[in-house]
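Reader: I have a few questions about the words used for this model. Could you walk me through the reasoning behind them?

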Amino acid sequence: KATSDWANKWMKRMGLSVRLKTTGKKVLSEDMQKIAKDYRISIKHIFDVNKDKNIRIYNVDEVALYLDAPGNFTIDEIGAATVEIGNTSHDKDRISVVLCTSEEGIKLGPLVIFNSKSKKKRNIITSHDVRYQDNDGNERVMKMYYSYNSKAYINSEVFCNWVKQIYHVESETHKHEQHTSTMNRILFFYKCTAYDTPDVIA
């Protein structure tokens, strides 16, 4: 079952904690612009190295989805001693979805990570073609990927497999389809212990 443990560990790494508000503060556009400028400066060296090259930028992130999220509030009679909200008993069950897109809007196939205690399934990525209809009623096929581990979130082994099986393969396919075989790729991802390992960096 999902817990807040992953969020607590992330906050601890970042030196953060849940705090009670002590005062209010107006957010100035100048402050936001400075944050954006500082970030651009921090990654400037990447673009300096590739300034004479044709590049395509990708960004990948992971999001948690709960299978049932009924909420804690509802409308009931005033003074009711018991207030019930129905659920499917999956309100604490979670999956993770890994999404990646380029600055041009090119989307890679999503990776869905499920919870499983089976060691045979663990960290292996499998693909599946999903058929659907677009807004014009045309049938489309989208390739989706799925994997399993004991906590239903990404780890370094799953991420390495994602880079090899999905990112490299699909981004190369897009290069050849668009006749941009000489284009280099840059992948941005947030700082996370699952990504910050020698295998991932290599």
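Reader: Why is Asp38 called partly exposed?

Author: Happy to start there, and please keep in mind that this is a predicted model. The relative accessibility of Asp38 is 37%. Buried means under 20% and exposed means over 50%, so Asp38, at 37%, counts as partly exposed.

Reader: How do you know that Asp38 forms a salt bridge with Lys34?

Author: The closest N and O atoms of Asp38 and Lys34 are 2.9 Å apart. The cut-off is within 4 Å, from a side-chain nitrogen of Lys or Arg to a carboxyl oxygen of Asp or Glu, so the pair qualifies at 2.9 Å. A search of the whole structure finds seven such salt bridges.

Reader: Why are Asp38 and Lys34 separated by about one helical turn?

Author: Because Asp38 and Lys34 are four residues apart in helix α2. As for Lys34, its relative accessibility is 52%, and since exposed means over 50%, Lys34 counts as exposed.

Reader: What makes Asp129 and Lys143 a salt bridge, and which parts does the pair tie together?

Author: The side chains of Asp129 and Lys143 meet at 3.1 Å, N to O, and the limit is 4 Å. Asp129 lies in strand β4 (residues 126–133) and Lys143 in strand β5 (residues 139–149), so the salt bridge ties together parts that are 14 residues apart in sequence. Asp129, at 43% relative accessibility, counts as partly exposed, and Lys143 is partly exposed as well, with 35%.

Reader: How do you know that Arg185 and Glu172 meet in a salt bridge?

Author: By the distance again: 3.4 Å, N to O, against a limit of 4 Å. The pair links distant parts of the chain, with Arg185 in strand β6 and Glu172 in helix α4, 13 residues apart. Arg185 has a relative accessibility of 26% and counts as partly exposed, and Glu172, with 27%, is also partly exposed.

Reader: Which residue stands opposite Arg185, and what makes β1 and β6 a pair of strands?

Author: Arg56 stands opposite Arg185 in β6. Two strands pair if there are at least two bridges between them, and β1 and β6 (residues 184–189) have six, in the parallel sense. β1 also pairs with β2, in the antiparallel sense and over nine bridges. There, the bridge partner of Tyr66 is Arg94 in β2.

Reader: Why is Ser102 called buried?

Author: Its relative accessible area is 6%, and buried means under 20%, so Ser102 is buried. Ser102 lies in strand β2 (residues 94–102). Leaving aside neighbours within four places in sequence, Ser102 is in contact with Arg56, Ile57 and Tyr58.

Reader: Why does Ile75 count as exposed?

Author: Ile75 has a relative accessibility of 82%, and with exposed set at over 50%, that makes Ile75 exposed. The place of Ile75 is in the loop between β1 (55–66) and β2.

Reader: Which residues of the largest nonpolar core touch the most other members, and where does its largest share come from?

Author: The largest nonpolar core has 17 residues, of which Val98, Leu108, Leu111, Trp162 and Ile166 touch the most other members. β1, β2, β3 (111–115) and α4 (156–177) each supply at least two residues of this core, and the largest share, six residues, comes from α4. Beyond its neighbours within four places in sequence, Leu111 has contacts including Val98, Ile125, Trp162 and Ile166.

Reader: Why is Leu16 called partly exposed, and which surface patch does Leu16 help form?

Author: At 47% relative accessibility, Leu16 falls between the 20% and 50% limits, so Leu16 counts as partly exposed. Together with Trp10 and Met14, Leu16 forms a nonpolar patch on the surface, with about 270 Å² of accessible area in total. Leu16 lies in the loop between α1 (5–14) and α2 (29–42).

Reader: What makes the phi values of Asn123 and Ala152 worth pointing out?

Author: Most residues other than glycine have a negative phi. Asn123 is not a glycine, yet its phi is positive, about 70°. Ala152 also has a positive phi, near 60°. Asn123 is found in the loop between β3 and β4, and Ala152 lies in the loop between β5 and α4. With buried meaning under 20%, Asn123 counts as buried at 8%, and Ala152 counts as buried at 2%.

Key. Residues are numbered from 1 along each chain as its sequence is written. This is a predicted model: local features need pLDDT of at least 70, side-chain atom pairs count only at pLDDT 80 or more; totals for chains, interfaces and linings use all residues. Side-chain values use heavy atoms; hydrogens and water are left out. Buried means under 20% relative accessible area, exposed over 50%, partly exposed in between (1.4 Å probe, protein chains only). Contact means heavy atoms within 4.5 Å. Patches are made of residues with over 30% relative accessible area and no salt bridge: like charges are joined within 9 Å, nonpolar side chains (Val, Leu, Ile, Met, Phe, Trp, Tyr) within 5 Å. Accessible areas come from the Shrake-Rupley method with a 1.4 Å probe; for residues, only the protein chains shown count as cover. A nonpolar core is a set of buried Ala, Val, Leu, Ile, Met, Phe, Trp, Tyr and Cys residues joined through side-chain atoms within 4.5 Å.
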